[in-house]
Amino acid sequence: MNEEVTAELHCSHCDHETIHTLVYAGRLLVSTTCQTCNSQVKHEAIDLRLHYLKDLEHRISTKPRRLWRGFWSAPFSQMVSFPKKFMSQPKKIWKEIKAILGR
Ligand SMILES: [Zn+2]
């Protein structure tokens, strides 16, 4: 059974932050759909990319670690509140996440 949540993410089509529908199958992010332009991105290999994401975590030294630890240990439940906190993160980190999730 898939679960859907909404989150504010950067849409490469709209080229700005829009509300997206995130579809999860268990802990796996299956797809994100921009609610503005309706473009959908599939995330079939998202688990492999987590290795890279964990690497990225190590490079983030200026923000509280517990934010990230909470995110990685419970990606689904944290996803609802994460983007709001995340908007205060440096733009370049946001860009890296987008590069991972956005294709
Ligand atoms: Zn869009």
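**View 1. D15, an exposed turn residue in the loop between β1 and β2.**
In this predicted model, D15 has 9 C-beta neighbours inside 10 Å, so it counts as exposed, given that the cut-off for that label is 12 or fewer. D15 belongs to the loop that links β1 and β2. Its backbone is worth a look: phi is positive, at about 60°, even though D15 is not a glycine. Most residues other than glycine have a negative phi. Seen as a hairpin, β1 and β2 have four residues between the strands, and D15 with its positive phi sits in that hairpin.

**View 2. The pairing of β1 with β2.**
Follow the hairpin away from the loop and you get to the two strands themselves, which run antiparallel and are joined by 10 bridges. Here β1 covers 2-11 and β2 covers residues 16-25. Two opposite pairs help to get your bearings. C11 of the one strand faces H16 in β2, while E3 stands across from Y24, also in β2. Strands of a sheet pair through backbone hydrogen bonds, either parallel or antiparallel.

**View 3. The whole sheet, strand by strand.**
Zoom out a little and the sheet turns out to be an open one, built from four strands in the order β1-β2-β3-β4 with antiparallel pairing. The edges are taken by β1 (2-11) and β4 (40-42); each has a single partner strand, so one side of each has no neighbour in the sheet. On average, neighbouring strands are turned by 25° against each other, direction ignored.

**View 4. N38, in the loop between β3 and β4.**
Further along the chain, the loop that follows β3 (28-34) and leads to β4 holds N38. Which sign does phi of N38 have? It is positive, near 70°, in a residue other than glycine. And is N38 buried or exposed? N38 is exposed, because just 9 other C-beta atoms lie within 10 Å.

**View 5. L101 of helix α5 and its contacts with T32 and H43.**
The last close-up moves to helix α5 (residues 91-101), where L101 is found. Leaving aside neighbours within four places in sequence, L101 is in contact with T32 and H43. L101 and T32 are 69 residues apart along the chain, yet their C-alpha atoms are separated by 8.7 Å. With 18 C-beta neighbours inside 10 Å, L101 counts as partly exposed, because the buried label needs 20 or more.

Key. Residues numbered from 1 in each chain as written. Predicted model: local features only at pLDDT ≥ 70, side-chain atom pairs only at ≥ 80, totals over all residues. Pairing = 2+ DSSP bridges. Axes fitted to C-alpha atoms, helices over the stretch in contact; angles between N-to-C directions. Contact = placed C-beta atoms within 7 Å.
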